[in-house]
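Here are some short exercises to work through with the model open beside you. Try each task before you read its solution.

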Amino acid sequence: MESVLNLISNEMKEIRDGTKSNKISQPLVLDIEDFKGDFSFDALFGNLVNEVLPSFQEEDADSLEANGNINGNDALPNGRAGQGQGQGQLTPLFPEVDALLSMFKNSCSQLVEIRKQVDGKLFNLKKDVSAQDSKHRKTLGELEKGVDGLFDSFARLDSRISSVGQTAAKIGDHLQSADSQRETASQTMELIKYLMEFNSSPGDLMELSPLFSDDSRVAEAASIAQKLRSFAEEDIGRQGVTMQSVPGNATASRGLEVAVGNLQEYCNELENRLLSRFDTASQKRELSTMAECAKILSQFNRGTSAMQHYVGLRPMFDVEVMNADTRLVLGDQDSLPSPSNVARALSSLYKEIIDTVRKEAATITAVFPSPNDVMSILVQRVMEDRVPKLLEKLLVKPSLVHPPPMGEGGLLLYLRMLAVGYEKTQELAKDLRSVGCGDLDIEGLTESLFIDHKDMYIEYEQASLRQLYKSKMEELLSECQLAGESTGSIGRSKGASVSSSHQQISVTVVTEFVRWNEEAISRCTLFSPQPGNLATNVKTVFTCLLDQVSQYTTEGLERARDGLTEAAALRERFVLGTSVSRRVAAAAASAAEAAAAAGESSFRSFMVAVQRCGSSVAIVQQYFANSISRLLLPVDGAHAASCEEMATAMSSAEGAAYKGLQQCIETVMAEVERLLSAEQKATDYKSPDDGIVPDHRPTNACIRVVAYLSRVLEAAFTALEGLNKQAFLTELGNRLHKGLSNHWQKYTFNPSGGLRLKRDITEYGDFVRSFNAPTVDEKFESLSIMANVFIVAPESLSSLFEGTPSILKDAQRFIQLREDYKSAKLAAKLSSLWPTS
């Protein structure tokens with residue numbers, strides 16, 4: 001349709017331009033090809049009206065405007081325009097309209113004719129297609145009938161072929177059976193012939209067929225001899241059952257027994273001859289001859305004798321080689337073996353064994369028809385002969401009743417050797433498994449080598465840990481004694497406790513305990529692969545550590561307590577009465593100073609012991625959390641039980657620490673009381689020059705006590721932590737409050753003395769505030785309030801305690817210490833405040 005539209009458009013352009021004026025009478029010729037495809041008359045005329053004609057109108061209008069001949073009103077809807085105002089004629093817009101109309105009519109006529117032609121052709125094509133379709137359907141029907149017949153023919157042919165094949169197979173089976181029976185009969189005849197030869201007379205092997213003496217036919221002779229022997233033994237077995245009921249079989253049975261005896265003798269001779277040939281070939285490394293002999297020998301007891309013979313003659317099992325193994329691993333007999341050296345020697349020796357077995361495996365694979373069986377025998381010989389003889393000399397189980405001394409390695413040396421031997425032998429077993437050992441259970445064989453040692457392993461581990469602890473304690477005691485001999489006199493002259501200063505708890509020693517335990521746990525992991533057994537053994541070994549740490553820390557705290565006890569004894573020794581000479585008093589004061597120094601030294605030593613004890617417990621707890629707890633989880637209750645045992649083990653140390661802290665408080669308070677007694681003067685609180693500007697400084701006794709407390713408690717602040725620190729300082733603060741209160745009951749106070757007392761109380765209160773003990777702070781605040789009873793006028797006392805009735809009883813005791821208590825008759829004036837009970 002587009003091509004038709006283009007032709008019409010070009011035709012109209014030629015007519016408009018005047019190039020077609022002399023050809024107007026000629027019609028527009030269209031070809032039938034222009035109407036192929038999606039041609040539509042409606043679309044053709046629509047495009048002519050909507051696209052072609054408007055474009056021609058626009059072009060004509062533009063040309064008229066350019067020449068000034070017409071304006072916008074000259075265009076008429078009928079397609080004609082005027083040529084001037086003075087003219088009455090109309091000029092058509094398309095001068096060739098008539099020619100176009102005739103052309104369109106002609107085109108329509110042609111199109112109608114073409115349509116008729118197309119319809120005729122389509123009708124003829126439909127008729128042809130219908131005829132061809134009918135013919136095709138008929139042909140297909142005939143073909144289907146032919147194919148069905150062909151399939152039936154094929155089915156009958158297949159059935160016939162199958163029947164023929166089955167018949168042929170049956171004939172073949174019959175023929176094969178007949179041939180087999182013929183062959184069997186022929187072989188039976190041959191075997192009977194040979195059996196008769198062996199049945200001639202006992203021990204007579206000279207009249208045998210050449211087959212049994214021909215070295216080139218040894219394989220065939222061996223096969224026939226084995227068949228004859230099997231047949232004869234089977235026949236003897238059958239005849240033996242019926243011999244009593246059928247006496248006539250006795251002769252036949254005896255004849256077969258002769259044959260069996262001769263066959264056994266011949267087989268033994270043949271086997272020895274083959275083994276001899278095999279040995280000769282083995283020495284010359286003639287693998288083909290060895291393989292031939294091994295193949296023939298496999299017919300005798302499945303070749304077991306040949307396999308064992310080959311393995312038994314290997315140089316790696318010579319006595320000299322095994323003695324060399326012992327010398328390599330253990331070294332010089334006069335020196336103590338080192339586990340590290342033994343580990344290196346075992347690695348080297350086992351590597352040599354692996355290399356040897358690997359070389360033998362190559363030969364065995366090339367020679368024997370069943371190499372896996374030979375490898376199983378070879379590896380079994382290694383694990384049952386060579387390795388056990390070495391381990392027997394390496395692992396000598398010591399006595400638990402009389403263990404070897406630590407100078408000879410102790411039980412620890414045996415355990416380390418056992419671990420090294422077990423670990424290296426397991427590696428050997430894995431390497432042998434990778435090289436090849438047939439169906440041999442090499443892992444079970446390896447475990448059997450150590451079963452006697454593993455049964456009592458945990459008892460040896462416990463005994464070893466006890467021995468190590470005992471040896472360490474003896475070593476520390478020896479060091480302490482040596483130190484005491486060199487510095488004992490100096491230490492005693494200074495009043496220090498020698499035992500506490502030289503046997504202090506050492507975190508390094510506890511760390512060594514943990515290191516022993518870690519090593520023991522590593523052996524538990526090695527010897528106890530099952531989680532349940534491992535957890536049980538780990539719990540047992542960890543309990544040993546708890547016992548060691550508990551005993552060590554408890555004894556260390558007790559030794560530190562001994563220093564406190566000695567200092568207390570020194571203080572009691574120099575308590576004097578009131579009526580003594582000045583010289584005796586001076587000597588006693590000097591001795592008291594020495595006792596005080598000893599007390600302070602022992603206090604510091606005990607605090608250091610407590611601190612190190614806490615650090616030791618923390619080390620054990622950290623070790624339990626990092627290494628032990630995860631190993632106990634597979635067994636229900638094991639973890640909780642170990643935690644409970646840990647708490648129980650540390651309870652003895654806690655008890656010793658508690659007693660020692662009580663002694664520390666007694667030591668501090670004893671020194672505080674000594675300082676107060678020595679330094680506090682009656683004039684401190686009852687100055688004769690009352691009324692002069694008061695002294696706002698603390699008393700000398702207060703300064704000395706606070707300085708002492710600051711100095712000595714520095715160790716407590718460092719050593720104690722958490723609730724222990726809080727409880728200790730609270731108890732000490734309460735004791736200090738009580739001691740000061742009792743101390744001040746010995747003195748009389750005037751107003752200036754009351755101010756000085758209040759200054760002392762403030763100094764004490766500021767110091768104990770560092771205790772962070774609220775109850776102690778409240779008590780010293782109450783003391784500060786009560787000190788006001790010495791300052792106010794008598795008439796103001798009644799109003800002094802209106803807001804604090806809880807301290808009235810203590811205030812009454814303080815009021816009685818006023819200088820003017822009797823002169824001012826304060827008892828009568830204040831009787832309303834404290835009714836008599």
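Buried means under 20% relative accessible area, exposed over 50%, and partly exposed in between, with a 1.4 Å probe and protein chains only. This is a predicted model, in which local features need pLDDT of at least 70 and side-chain atom pairs count only at pLDDT 80 or more, while totals for chains, interfaces and linings use all residues. Residues are numbered from 1 along each chain as its sequence is written, and side-chain values use heavy atoms, with hydrogens and water left out.

**Exercise 1. Find N772 and decide whether N772 counts as buried or exposed.**

Step 1: Look in the loop between helix 22 (751-768) and helix 23 (774-786), where N772 sits. Helices here are DSSP runs of H or I with at least four residues, strands are runs of E with at least two, and both are numbered from the N terminus.
Step 2: N772 counts as exposed because its relative accessibility is 62%.
Step 3: Check the backbone too: N772 is not a glycine, yet its phi is positive, about 55 degrees.

**Exercise 2. Find the loop that holds R285, and then look at S282 in helix 5.**

Step 1: R285 belongs to the loop between helix 5 (250-284) and helix 6 (287-297).
Step 2: Although R285 is not a glycine, it has a positive phi of about 60 degrees.
Step 3: Now move to S282, which is part of helix 5. With 16% relative accessibility, S282 counts as buried.
Step 4: Setting aside neighbours within four places in sequence, S282 is in contact (heavy atoms within 4.5 Å) with M290 and R314.

**Exercise 3. Which residues does F749 touch, not counting those up to four places away in sequence?**

Step 1: Go to the loop between helix 21 (722-744) and helix 22, where F749 lies.
Step 2: F749 is buried because its relative accessible area is 2%.
Step 3: F749 touches Y685, W744, G754, L757, F790, L817, R818 and E819.
Step 4: The C-alpha atoms of F749 and Q816 are separated by 9.6 Å, and these residues are 67 apart along the chain.

**Exercise 4. Place D441 and find its C-alpha separation from Q380.**

Step 1: D441 is in the loop between helix 11 (410-435) and helix 12 (442-449).
Step 2: D441 has 48% relative accessibility, so it counts as partly exposed.
Step 3: The C-alpha atoms of D441 and Q380 are 9.1 Å apart, with the two residues 61 apart along the chain.
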